[in-house]
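I opened my notebook to look up a helix, some aromatic rings and the model's confidence. Here is what I wrote down.

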Amino acid sequence: MVGSSSEESAKLTAEEAAVYDRQIRLWGVEAQQRLRKARILLVGMSSLGNEVCKNILLAGIKHLTILDDKTLTEKDFEQQFFSGQEDVGKNRAEASLARSNDLNPMVDIVADRENVKEKNEEFYKNFDVVCICDCPVETQIKVNEICHRLGIKFLCGQVYGYYGYMFQDLGCHKYMEEVVKKAEIKKNAEDHDGPSEQKKKKMEQTETEYEEKLSEFCTLGEALKVSVFENIKSERQAKQVSKTYLVMKVLMEYEKQFGELPQNMESNSKLQQLLDVRSEVFDQMNIDGEFLPDDFASFCVGQLFPVCPIVGGVMSQEIIKAVSGKDAPHNNFFFYDGVSTSGVVQKITNISNVKPTEPTKEQKNNLISTSNKAPVEEIIL
């Protein structure tokens, strides 16, 4: 496994300390040194992949392999920033290499033009994190299973028009979380009753400590098998399930059946195909079409450029947290709905042997159970 480099190789040079000064102030030298050792594989230089690439390069990792077997098209060029118009017709990974190097010359970057499906298990052992953008669900599941078996952290994501999602499987992930604790108030020796409530508030002090915590993740294949609606007992709870989750399930099935995502909804036959797939998926989930009205077809085609920085920003933030071991990771889905401009983190897992964190009173009112012991966590951006 990579990541076991010597301490010398992890030490920051004076140049790196100057460049990453603001980050070091934010998350500390140790976290930056962990990033300095990280070797990451990024699959797919789509608009979403560009955003992830930019953010992790600026964070200061050790090595990045950009893997993409597709050719850069005019449409790709309009929605990304690592290639010039003169690169149209070239391989997307190779076309992105020069500007990636310019963005951060201190990172070792390699372009790989092979298809990710052709990579064997030995290939993935070269990386600490594998991130896949805009690949068919079968590919995501296959690579995730390899990474889970090898103990490699895995993330994937996709943008469908106004909608986008991110999933991550970090295995058994240890991290340090900042905890703010109230310091004890010393009693006044002369005043046996102690200070008044008003005075207490003025005297209260807080101190920050870091606690080691553990999160356990399931694979994407396991998460997609979970029956989200099985334990839901009211319509209000059902409507809390992200619409993006439903869009994702429908489009994953559409891509399985037709070998591609819907490109346009101008013809009635294409629209009917999509609606038929929705009906099939919803029949399997035992829900009706009102949870995803017909007009969703107008918002799930192509990649809406402003959605990519949002989903890509969350993905790269999670990569940085996974590598640095700082702060709680999103376990395990992030869904973004550009129609309602809201984002939500939802835990959809079949893991039932790990006691979940006790939710707050406010969270309890909004929780939807997706397994016997795994509640959905909801955070609206």
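My entries follow, starting with the model itself.

**Ground rules.** I am reading a predicted model, where local features need pLDDT of at least 70, side-chain atom pairs count only at pLDDT 80 or more, and totals for chains, interfaces and linings use all residues. Residues are numbered from 1 along each chain as its sequence is written, and side-chain values use heavy atoms, with hydrogens and water left out.

**Confidence.** I looked up pLDDT, the predictor's confidence in each residue, from 0 to 100. The protein chain has a mean of 84, and 83% of its residues reach 70 or more. Over residues 1–8 pLDDT stays under 50. I found the same label, under 50, over residues 353–381.

**Helix H15.** I checked residues 307–324, which make up H15 (helices are DSSP runs of H or I, at least four residues, numbered from the N terminus). Its 18 residues reach 26 Å from first C-alpha to last, close to the 26 Å expected (1.5 Å times one less than the number of residues). Of these residues, 14 are buried (under 20% relative accessible area, 1.4 Å probe, protein chains only), so H15 is largely enclosed by the rest of the structure. Gly325 follows H15, with a positive phi near 75°.

**Rings.** I searched the whole structure and got 10 aromatic pairs (ring centres of Phe, Tyr or Trp, its six-membered ring, within 6.5 Å). Phe123 and Tyr124 have centres 5.4 Å apart and planes at 75°, so they are edge-to-face (over 60 degrees). Phe123 and Phe127 are also edge-to-face, at 5.3 Å and 65°. Phe127 is buried, at 2% relative accessibility.

Technical notes:
Helix = DSSP H or I, 4+ residues; strand = E, 2+ residues; numbered from the N terminus. Buried < 20%, exposed > 50% of the residue type's maximum accessible area, 1.4 Å probe, protein only. Contact = heavy atoms within 4.5 Å. Phe/Tyr/Trp six-rings, centres within 6.5 Å; stacked < 30°, edge-to-face > 60°.
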